[in-house]
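Work through the following exercises with the sequence and the structure open. Each task is followed by a solution in steps.

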Amino acid sequence: MTAAGDRYDLAVVGAGPAGLNAAIVGATCGARVLLIDDHEAPGGQLFKQIHKFFGSKEHFAGVRGVEIGYRLLDEVSRLGVEVRLETRVWGMYDRGRLSLIKGSQARTVEAGAVVLCTGASENSLVFPGWDLPGVMTAGAAQTFINYHRVLPGRRFVVVGGGNVGLIVSYQILQAGGEVVALVEAQPALNGYEVHAAKIRRAGVPILTGCTIREARGRNAVEQVVIHRVDPGFRPVAGSELSLQADTVCLAVGLTPMSELARLRGCAFGSYPAIGGAVPLHGPNMETTVPGLFVAGDIAGVEEASTAMEEGKLAGWGAAGWLGLIRPEEARLRKSAAWESIDRLRGGPFGRARREAKAGILTQFGRIQPGLELQRGTGT
């Protein structure tokens, strides 16, 4: 039995950039909103991002990620969103029922609509010595450096030439560490040149067509062996190079955290360009389960700016489902969000993401032809 105080119009699971924006939109439309996160503080990845965003003013160009996080938190507080931290959602059922647990206390809440913004988990690599102290993911290094102000090593080898690897390399340098090398198995970097240029100017060797072979050390990492790979990513004999380093930082991609969507019975599709298996969703970010929406990395791994816009889109979609917004206003708001998302996915680096997202919409349309948000007035 659910008490009246545990009934909400909208429940948002995950208080990162997507979840904060979904909660803000829902509350702006007059919804009673519950925002749930399993961490001790909201904000998600924003509080690890001390670099300045770039792009347009509407996407916080020139503002550091941590400052963006504080701005969004202030807005959530101003709008009266109820925030429950250090709280896990361990069950999802029909009629918007969610089972929550914090410490040893469990309870059930109900919501008219639910938005999942559960983010993504970091991928890893297995190689000889991967379990030595000193081998960590890029996100762990960011947490140490940017959140706890602790440099977890002195001499780093960064594996992965995407935006995360490039940004973390620069943040290691800012914190006083040395990046001995950044290695990328692909023949070219797949991150933005603006990030690569920073570490090039600092003298960091960027080695493409290379990857880690093993980490050596008695009780912790003392030496890292890298080698070249051929076009089929097979080791090139005789290309081994030993580097003196005490830390290996793995920036080798992310996988959407979709367990709750699977538990609820959402249909999935496989799209490797944005992280692999993602819940199918339509133009309002609604899944194949009525009243359940997704936004951010669970809907396909992209940058924080795109996650924020998807959070807004899911918030408007949920507001329409709940009947809290007039159809014409819903269309205008969602159209503006889509225009922003399309701009963010522009350029050569966004091509794979654009194609993947188009594939999701097509696959969703085959399963749910002509789907509209039937419960409320929004479409």
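**Exercise 1.** State the handedness of the crossing of helix 4 and helix 5, and describe the contact.

Solution.
Step 1. In this predicted model, helix 4 passes helix 5 in a left-handed crossing.
Step 2. Helix 4 covers residues 163-174 and helix 5 covers residues 193-201; their axes are 9 Å apart, at an angle of about 35°.
Step 3. Helix 4 contributes Asn163, Leu166, Ile167, Ser169, Tyr170 and Leu173, and these meet His195, Ala196, Lys198 and Ile199 of helix 5.
Step 4. Sorted by type, the residues of this contact are 6 nonpolar, 3 polar and 1 charged.

**Exercise 2.** Find how helix 7 is directed relative to helix 8, and list the residues through which they touch.

Solution.
Step 1. Locate the two helices: helix 7 is residues 304-322 and helix 8 is residues 327-344.
Step 2. Their axes come within 9 Å and cross at roughly 160°.
Step 3. Angles over 145 degrees count as roughly antiparallel, so helix 7 is roughly antiparallel to helix 8.
Step 4. The crossing of this pair is left-handed.
Step 5. On the side of helix 7, the contact is made by Ser305, Thr306, Glu309, Glu310, Leu313, Trp316 and Gly317. On the side of helix 8, Arg333, Lys334, Ala337, Trp338, Ser340, Ile341 and Leu344 take part.
Step 6. The residues of the contact of helix 7 with helix 8 divide into 6 nonpolar, 4 polar and 4 charged.

**Exercise 3.** Arg149 and Met285 each have a positive phi. For each, give the angle and the location, and decide whether the residue is buried or exposed.

Solution.
Step 1. Recall the background: most residues other than glycine have a negative phi.
Step 2. Arg149 is not a glycine, yet its phi is about 60°. Arg149 sits in the loop between helix 3 (138-147) and strand 9 (155-159).
Step 3. The relative accessible area of Arg149 is 64%. Exposed means over 50%, so Arg149 is exposed.
Step 4. Met285, also a residue other than glycine, has a phi near 70°. Met285 belongs to the loop between strand 18 and strand 19.
Step 5. The relative accessible area of Met285 is 1%. Buried means under 20%, so Met285 is buried.

**Exercise 4.** Which backbone atom lies 3.1 Å from a polar atom of the side chain of Thr287?

Solution.
Step 1. Thr287 is in the loop between strand 18 (276-279) and strand 19 (292-294).
Step 2. With a relative accessible area of 2%, Thr287 is buried.
Step 3. The atom asked for is the backbone nitrogen of Val289.

**Exercise 5.** Describe the surroundings of Ala299 and of Gln186, leaving aside neighbours within four places in sequence.

Solution.
Step 1. Ala299 lies in the loop between strand 19 and helix 7, and is buried at a relative accessible area of 0%.
Step 2. Ala299 is in contact with Ile274, Val278, His281, Met285, Val294, Glu310, Lys357 and Ile360.
Step 3. Take Val278 from that list: Val278 and Ala299 are 21 residues apart along the chain, and their C-alpha atoms are separated by 5.7 Å.
Step 4. Gln186 is placed in the loop between strand 10 (178-184) and helix 5. Its relative accessibility is 36%, so Gln186 counts as partly exposed.
Step 5. The contacts of Gln186 are Thr208, Gly209 and Phe233.
Step 6. Ala138 is 48 residues from Gln186 along the chain, and the C-alpha atoms of these two are separated by 18 Å.

Technical notes:
Residues numbered from 1 in each chain as written. Predicted model: local features only at pLDDT ≥ 70, side-chain atom pairs only at ≥ 80, totals over all residues. Heavy atoms only, no water. Axes fitted to C-alpha atoms, helices over the stretch in contact; angles between N-to-C directions. Helix = DSSP H or I, 4+ residues; strand = E, 2+ residues; numbered from the N terminus. Parallel < 35°, antiparallel > 145°, perpendicular 65-115°, else oblique. Left-handed = near helix turned anticlockwise from the far one by under 90°. Contact = heavy atoms within 4.5 Å. Nonpolar A, V, L, I, M, F, W, Y, C, P; charged D, E, K, R; others polar. Buried < 20%, exposed > 50% of the residue type's maximum accessible area, 1.4 Å probe, protein only. Polar contact = N/O pair within 3.5 Å; in protein donor to acceptor, adjacent residues only side chain to side chain.
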